[in-house]
Amino acid sequence: MLRNNRKVINSLWPSRIPNEEYAARRANLMKMLKKEVKTGEKQVVVVMKGARKSFIAPDVPHAFRQKSHFRYFSGVTTSDCYYLLQSPTSTDSQSSQILFADRRSEYEELWEGKLPSESEWEETAKFTEIVPTNRLLQTLEKVVDKGTAVFFDTTSDDFLNKFLQNKANSVKEVNHFIERLRVVKSENEIDSMRDVCNLGAQTMASMISGSRNLYNENAIFGLLEFEGRRRGSEMQAYPAVIAGGVRANTIHYLDANNDLNPSECVLVDAGCDLNGYVSDVTRCFPISGYWSDAQLSLYEALLYVHEELITYAHNMEKVRLSALFRRMNELLAASFSELGLIQTKDHKEMIHQAEKLCPHHVSHYLGMDVHDCPTVSRDIDLPPNVAFTIEPGVYVPMDWPVKEFRGIGYRIEDDVATSPTGGIELLTAAVPRDPIEIQRLMGTAE
Ligand SMILES: [Mn+2]
């Protein structure tokens, strides 16, 4: 039976973000930054630098992705742009919001095609002005003075950072203010997360269903890319981890070029990128479609922890990732003790061994970037509409005292969001994690 028929599927997922939202986000940022102004500072200026096009070799560009901070406030996905936000200097003046972007020459258009028109840029983000990038410094000269509090990603451009420091009263790091806004999603952003996580989950499920007896990690990568892109994914959200057998114990194994032994399980950690938002899913499956006893019992022990964590997060009065992390270590210790993977009776030592078997956190925030908003603490009560992962793992070293499970590495990762009605919403429900369901996808179970 042809399991993976090439039927036409819906690959249209339009952006959920209405144009007004970009201007509203900038207004929110400005409101937040005005509270940071000190006496003597008469105005706030934010300078943002977008991602630059970069090259592998002369005339060979890397795949381009706009910086998420830049896109969040502008919707602009063109490379090599800047923008400037200036708070109103008096009660009757407007706040100016200038996009610095270059048009393409006729010759460049011949090779690279057209950029959005200026009216499209204006329409998307309600900029008050669009000017060529070679007027950036001259504009900053006029706008920034000793009465100005400048906010800037100080690591994004040394030259610009020094220039601003000379002109302004102070240059403050802007990233953590932006991340405080970005970590809590609007309803439209939650819809964007639902889209991309559904897309990512569908992609993972189809990849699993077509992977039985593939002979190389790279072949799985191709199938993953195919299943994602034909559904509308724009690119991989991050370099996928596709690790057969013991290679799964290298948490950031990115080679994806080794042969697969028919007795091995494969760990695949991959995400889709859609309209500027990303998913992040991990599943493990036996490449033959059949689990060995040791593979299955360890998988079930980890799955138990995963299910318990989802229930625990759903029932928490206020979700807090640090509490979820502590809970994961308790559950791993209990579950692996029952399995016989951890053999001590001492509770403290059990937790210590659980931490050895799973050396990473249970979660990170998720959104426009895979490790979204890294400056936001994981030790805070989360409001509604925060997206994050739940990803317990187990990586049994080759010298672990219990022989049976040596060299097996698993992680089970789903994406969720805190819900305004309480609890969490599972965003990646379209890919099963039950071992029999996985076999059903692969055509090796009834
Ligand atoms: Mn993750």
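In this predicted model, helix 5 (residues 136-143) lies across strand 1, strand 4, strand 5 and strand 7, and runs at about 10° to strand 4. The sheet that holds these strands is an open one, in which six strands follow the order 6-5-4-1-7-8 with mixed pairing. Strand 6 (129-131) and strand 8 form the edges, each pairing on one side only, and the twist from one strand to the next averages 20°. Within this sheet, strand 4 (residues 82-86) and strand 5 (residues 96-100) pair in the antiparallel sense over five bridges, with Y83 standing opposite L99 in strand 5. Y83 also takes part in a cluster in which ring pairs link F70, Y83 and F127.

**Helix 7 and its surroundings**

Helix 7 (residues 175-182) is mostly covered, six of its eight residues being buried. The buried residues are N175, F177, I178, E179, L181 and R182, and they pack against helix 1 (19-34), strand 1 (43-49), helix 2 (68-74), strand 7 (148-152) and strand 8 (170-173). On the side of helix 2, which contains S68, the contacts of S68 include R182 as well as M368 and D369, when residues up to four places away in sequence are not counted. S68 has a relative accessibility of 6% and therefore counts as buried, the limit being under 20%.

**Aromatic pairs**

The structure holds nine aromatic pairs, two of which are set out below.

| Pair | Geometry | Centre to centre | Angle between planes |
|---|---|---|---|
| F151 and F177 | edge-to-face | 5.7 Å | 85° |
| Y299 and Y410 | edge-to-face | 5.5 Å | 85° |

Because F151 lies in strand 7 and F177 in helix 7, their pair ties together parts that are 26 residues apart in sequence. F151 is buried with a relative accessible area of 0%, while F177, at 6% relative accessibility, also counts as buried. The pair of Y299 and Y410 links distant parts of the chain, since Y299 belongs to helix 10 and Y410 to strand 17, 111 residues apart. Y299 is buried, with a relative accessible area of 0%, and the value for Y410, likewise buried, is 0%.

**Nonpolar cores**

Y410 appears again in the largest nonpolar core, where, of the 76 residues, V268, F285, F336, F388, I390 and Y410 touch the most other members. Helix 10 (residues 293-315) supplies the largest share of this core, 10 residues. For F336, the residues touched are L298, A301, L302, L341, I342, L357 and V394, not counting those up to four places away in sequence. A second, separate core of 47 residues includes I178, V196, Y238 and L274; I178 is also one of the buried residues of helix 7.

**The manganese site**

The manganese ion is coordinated by D280 (OD), H364 (NE2), E391 (OE) and E413 (OE), at 2.0 to 2.5 Å. In sequence, these donor residues are spaced D-x83-H-x26-E-x21-E. Among them, H364 and E413 link distant parts of the chain, 49 residues apart: H364 sits in the loop between helix 12 (347-357) and strand 15 (387-390), and E413 in the loop between strand 17 (409-411) and strand 18 (414-418). Both H364 and E413 are buried.

Terms used
Residues are numbered from 1 along each chain as its sequence is written. This is a predicted model: local features need pLDDT of at least 70, side-chain atom pairs count only at pLDDT 80 or more; totals for chains, interfaces and linings use all residues. Side-chain values use heavy atoms; hydrogens and water are left out. Buried means under 20% relative accessible area, exposed over 50%, partly exposed in between (1.4 Å probe, protein chains only). Helices (H or I, at least four residues) and strands (E, at least two) are DSSP runs, numbered from the N terminus. Contact means heavy atoms within 4.5 Å. A nonpolar core is a set of buried Ala, Val, Leu, Ile, Met, Phe, Trp, Tyr and Cys residues joined through side-chain atoms within 4.5 Å. Donors are N, O and S atoms within 2.8 Å of the metal (3.2 Å for Na, K and Ca); water is not among the atoms, so sites may look incomplete. Two strands pair if DSSP finds at least two bridges between them. Axes are lines fitted to C-alpha atoms, for helices over the stretch in contact, and angles run from 0 to 180 degrees between N-to-C directions. Rings of Phe, Tyr and Trp (its six-membered ring) pair if their centres lie within 6.5 Å; planes under 30 degrees apart count as stacked, over 60 as edge-to-face and the rest as tilted.
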